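User: Hi! I'm at home at the bench but new to reading models like this one. Could you walk me through it?

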Amino acid sequence: MIPLSYYLTLSAILFGIGLIGVLLRKNAIAILFSVEIMLNSANLNLVAFSKYITPSQASGQMFALFVMAIAAAEVAVGLAIILMIYRNMQSIDLDKLNIFKW
Amino acid sequence: MDVSISLVIFLALAAMAIISSLMVVVGRNLFNAAMFLGAYLLVIAGFYFLLSAELVGIMQVFVYVGGVVVVLLFGIMLTSQMINVRLVSALQQRVLTLVVVAALVGLLVSIFSKTSFYYISSAEAPRDSISLIGKLFMTDYVLPFEVISVLLLAALIGAVIIAREEGRQ
Amino acid sequence: MLSSAELLNFANSHGIPLWAMDAFIAALIALGLFAAMGLGFMVQVYMERKVSAGLQLRYGPIYVGPKGSLQLVADALKFITKEDVFPSSAEPWIFRLAPVVMFAAAFLGLLVLPFGPGLVAKDLNVGLIYVLAIPSIGVAGVIMAGFGSKNRYAILGSLRAAAQMISYEVPRSLSLIGIIMIAGTMRLSSIVDGQGIWYIFLQPLGFLVFFVATMAELNRTPFDLAESESEYVNGYHTEYSGMRFGFFFFAEYMSLFAAALLTAVLFLGGWHGPGPVILAPVWLLIKVFGVIYVLMWVRWTFPRFRIDQVMDLGWKVLLPMALVNILVTGIIMSV
């Protein structure tokens with residue numbers, strides 16, 4: 001069996017890549033992509049733990065399925081908000097969204 | 001499957017996951033980034049199959065590749081003027097981000113390499129994990145299950161209301 | 001057919017590593033499936049031409065081969081020798097990759113479908129979700145084709161096709177939940193084994209929803225908004241010609257075959273029929289081509305819907321019907 005730490009290391013790296021995307025990209029849709037990368041790396045972690053620590057209870061798999069449902073909802077609402085912003089401001093640069101500042 | 005083959009598969013999948021996620025993050029063209037995101041999500045589904053979580057793997061394909069990626073592609077095409085616009089963060093922010101992320105990942109990896117997981121179970125996964133998951137959804141996890149269904153309904157209605165053009169009844 | 005024990009012995013005695021054996025068998029299965037699909041493709045295209053001709057009081061192809069049966073060979077030659085037109089404004093890689101994605105999605109969807117008792121490439125325990133999930137990758141292929149060609153008609157066609165396919169995936173998946181509840185499994189071969197009474201009689205509403213949604217998923221008239229010739233040339237594959245178009249064509253008929261096979265397996269008792277077991281694949285094929293005939297009949301009889309009618313039908317009629325079907329099935333099962 002592959003050591004558990006391989007999976008954990010991989011998911012940490014993928015999480016880091018996603019985090020870079022969230023912090024560096026200014027395009028709102030690209031940030032949505034990066035959030036998906038992070039969510040999936042966390043899911044990978046959960047399923048790996050489920051297989052190695054509690055194989056008979058499948059609790060990690062349950063949580064992965066819940067995360068997927070939430071991610072789907074998040075994308076639908078997030079994209080609707082981005083489309084609304086684009087329609088009103090003709091831009092999806094998140095740094096320009098500072099109309100609440102004065 | 002013996003260890004060496006599954007290790008080879010793991011390493012190949014890992015390389016593909018890292019490359020495709022990097023392409024998503026650094027790519028300039030959003031449409032290509034979405035393609036690589038689809039590839040990344042498929043690779044993650046491959047990992048689930050490797051971990052013998054077939055249901056999660058197939059739901060990953062169903063929900064993410066068939067649903068999320070397609071919806072994101074819709075979003076890209078509807079904001080198509082932005083597809084090749086280059087938005088670059090300030091140098092200061094870039095350096096800071098890289099340092100913080102490198103520190104975080106380094107910390108996590110060093111913790112994982114030093115921890116020995118005492119609880120690794122030698123029990124085999126149940127042969128029919130699908131019916132087990134189905135039972136758990138209706139017994140132990142029934143409350144989160146119901147909450148999720150309400151959340152999805154709210155997201156559905158909310159997305160329609162937000163995205164609808166104003167002035168149209 | 002060799003049993004797995006014999007194969008193991010053979011591998012051991014000749015010093016062939018196990019993974020090489022696995023890879024070899026997988027390649028053989030893929031090749032066999034591909035050959036079967038190629039044959040099925042020819043039969044289906046000939047059938048489509050003759051059925052449409054019959055319904056429209058025409059002859060259909062008559063010149064090439066006996067009764068025009070080799071027309072597809074002539075077409076294939078035309079596809080191969082045609083100039084490979086590459087639009088100058090197209091996104092090169094996305095344009096090239098789109099037919100491959102469509103083809104791969106359609107082909108991978110076949111992997112879990114049983115052609116007879118034991119005649120299945122991989123009998124997954126999540127087979128039913130697999131056959132619904134894998135073809136949904138094809139939607140990404142449709143969008144890639146539309147976006148990659150950088151053609152307004154193609155983009156419009158691909159947006160409509162994708163919207164339609166996502167919308168109808170919902171009632172299509174929900175209509176099968178009744179079957180999962182009755183059969184208590186998602187393994188396709190076990191579902192066939194459990195059909196003492198065909199599920200079309202136990203799940204008439206589910207069958208209706210599934211069948212209509214399948215028609216929409218296949219982008220066939222009356223749901224062919226994706227390539228409605230009279231509105232925008234040819235939809236998402238407007239810019240494709242020659243072999244690249246051939247890939248789309250092949251993928252389309254492969255998904256038609258897969259959809260008919262799925263219908264036969266889920267609702268029409270699969271390979272069950274009178275006679276010895278050896279006749280099982282024959283019965284299955286008769287049912288499959290019966291379903292294909294009905295699909296063609298519908299295609300050449302009804303006019304096309306408008307896009308808003310398609311969306312209304314999916315969300316306001318089929319989805320509630322699928323939910324009612326689940327409710328009724330649950331009530332009847334618990335009584």
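User: Which residues of α2(C) are buried?

Analyst: Happy to help! A quick note before we start: this is a predicted model, in which local features need pLDDT of at least 70, side-chain atom pairs count only at pLDDT 80 or more, and totals for chains, interfaces and linings use all residues. Residues are numbered from 1 along each chain as its sequence is written, while chains are lettered from A and ligands numbered from 1 in the order in which they are written. A residue counts as buried if 20 or more other C-beta atoms lie within 10 Å of its own, as exposed if 12 or fewer do, and as partly exposed in between, with C-beta atoms placed from the backbone. Helices are DSSP runs of H or I with at least four residues, strands are runs of E with at least two, and both are numbered from the N terminus. In α2(C), the buried residues are Met37(C), Gly40(C), Phe41(C), Gln44(C) and Lys50(C).

User: What do the buried residues of α2(C) pack against?

Analyst: Contact here is between two residues whose C-beta atoms, placed from the backbone, lie within 7 Å. The partners are α13 (242–267) and α14 (280–299) of chain C.

User: What span should the 38 residues of α2(C) have?

Analyst: The expected span of a helix is 1.5 Å times one less than its number of residues. For α2(C) that gives 56 Å, and the end C-alpha atoms are 54 Å apart, which agrees. Just after α2(C), Leu57(C) has a positive phi of about 55 degrees.

User: And what does α2(C) give to the contact between the domains of chain C?

Analyst: Domain bounds come from an automatic or database domain assignment. Here they split chain C into domain 1 (40–81) and domain 2 (82–334), with centres, taken over C-alpha atoms, 23 Å apart. Domain 1 of chain C brings 14 residues to the contact and domain 2 of chain C brings 16. On the domain 1 side, α2(C) gives the largest share, nine residues. For classes, Ala, Val, Leu, Ile, Met, Phe, Trp, Tyr, Cys and Pro count as nonpolar, Asp, Glu, Lys and Arg as charged, and the others, Gly among them, as polar. That side of domain 1 of chain C has seven nonpolar, five polar and two charged residues.

User: Is Leu202(C) buried, partly exposed or exposed?

Analyst: Leu202(C) is partly exposed, with 18 other C-beta atoms within 10 Å. It sits in helix α10 (residues 199–202) of chain C. Leaving out residues up to four places away in sequence, Leu202(C) touches Ile182(C) and Ile197(C).

User: At what angle do α2 and α3 of chain A pack?

Analyst: Two packed helices are described by the angle between their axes and the distance between the axes. Axes are lines fitted to C-alpha atoms, for helices over the stretch in contact, and angles run from 0 to 180 degrees between N-to-C directions. Helix α2 (residues 28–52) and helix α3 (residues 59–89) of chain A pack at about 175 degrees, with axes 9 Å apart. Angles under 35 degrees count as roughly parallel, over 145 as roughly antiparallel, 65 to 115 as roughly perpendicular and the rest as oblique. So α2(A) is roughly antiparallel to α3(A). Their contact has 16 nonpolar, six polar and one charged residue.

User: Which chains have the most contacts?

Analyst: Of the two pairs of chains that touch, chains A and B have the most contacts. Chain B contributes 68 residues and chain A 62. The chain B side has 53 nonpolar, 13 polar and two charged residues. In the contact between chains C and B, 22 residues of chain C meet 16 of chain B. No contact joins chain A and chain C, whose closest C-alpha atoms lie 13 Å apart.
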